[in-house]
Amino acid sequence: MKVDLRGITKRFPGVVACDGVDLFVASGEVHALLGENGAGKSTLMNILFGLYRPDEGEIALDREQHRFRSPADAIAAGIGMV
């Protein structure tokens, strides 16, 4: 499965947690997200897992666009988070 996050932006009152983030991951690849506290790492993963909805941007799995409304939607599409 190929996961594409394009232009992901998430705003909370007084802060922009993710600002136009792009992330591309192909099946079998291993990636690490590194950054300071408050850099948006957990926010980005929570968006991919359906806990948060992005204010802007899109999520595509194998080139098919998805909008996860809950973790159950993400799990049904083959996304898991540990």
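**Exercise 1.** Is Phe12 buried, partly exposed or exposed, and at what relative accessibility?

*Solution.* The model is predicted. Take the computed value for Phe12: 30% relative accessibility. Buried means under 20%, and exposed means over 50%. Phe12 therefore counts as partly exposed.

**Exercise 2.** Describe the aromatic pairing in this model, and place each ring in the chain.

*Solution.* Start with the count: 1 aromatic pair. Its members are Phe12 and Tyr52. A pair of aromatic rings is described by the distance of the centres and the angle of the planes. Here the centres are 5.5 Å apart, and the planes make an angle of 70°. Planes over 60 degrees apart count as edge-to-face, and that is the class of Phe12 and Tyr52. Now locate the rings. Phe12 sits in strand β1, and Tyr52 in the loop between α1 and β3. With these positions 40 residues apart, the pair links distant parts of the chain. Finally, check exposure: Tyr52 has 31% relative accessibility, so Tyr52 counts as partly exposed.

**Exercise 3.** Which residues make the nonpolar surface patch of about 410 Å²?

*Solution.* The residues are Phe12, Val15, Leu51, Tyr52 and Met81. Both rings of the aromatic pair, Phe12 and Tyr52, belong to this patch. Next, take Val15. Val15 lies in strand β2. Its relative accessible area is 43%, so Val15 is partly exposed.

**Exercise 4.** Map the largest nonpolar core and the contacts of Ile79.

*Solution.* The core holds 14 residues. Those with the most contacts inside it are Leu5, Ile8, Leu44, Leu48, Ile59, Phe68 and Ile79. Two or more residues each come from β1 (3-12), β2 (15-25), α1 (41-48) and β3 (56-61). Now follow Ile79. Leaving out residues up to four places away in sequence, Ile79 touches Met1, Val3, Leu48, Phe49, Leu61, Phe68 and Ala74.

**Exercise 5.** Which residues of α1 are buried, and what covers them?

*Solution.* The buried residues are Thr43, Leu44, Asn46, Ile47 and Leu48. Their cover includes β1, β2, β3 and α2 (71-76). After α1 comes Gly50, with a positive phi near 85°.

**Exercise 6.** Which residues in the loop between β3 and β4 have a positive phi without being glycine? Name two.

*Solution.* Recall the background: most residues other than glycine have a negative phi. Asp62 has a positive phi, near 50°. Arg63 also has a positive phi, near 70°. Asp62 lies in the loop between β3 and β4 (64-66), and Arg63 is in the loop between β3 and β4 too. Arg63 has 75% relative accessibility, so Arg63 counts as exposed.

How values were computed. Residues numbered from 1 in each chain as written. Predicted model: local features only at pLDDT ≥ 70, side-chain atom pairs only at ≥ 80, totals over all residues. Heavy atoms only, no water. Core = buried A, V, L, I, M, F, W, Y, C linked by side-chain atoms within 4.5 Å. Buried < 20%, exposed > 50% of the residue type's maximum accessible area, 1.4 Å probe, protein only. Helix = DSSP H or I, 4+ residues; strand = E, 2+ residues; numbered from the N terminus. Contact = heavy atoms within 4.5 Å. Patch = residues over 30% accessible without salt bridge, like charges linked within 9 Å, V, L, I, M, F, W, Y side chains within 5 Å. Areas by Shrake-Rupley, 256 points an atom, 1.4 Å probe, with all protein chains shown as cover. Salt bridge = Lys/Arg side-chain N within 4 Å of Asp/Glu carboxyl O. Phe/Tyr/Trp six-rings, centres within 6.5 Å; stacked < 30°, edge-to-face > 60°.
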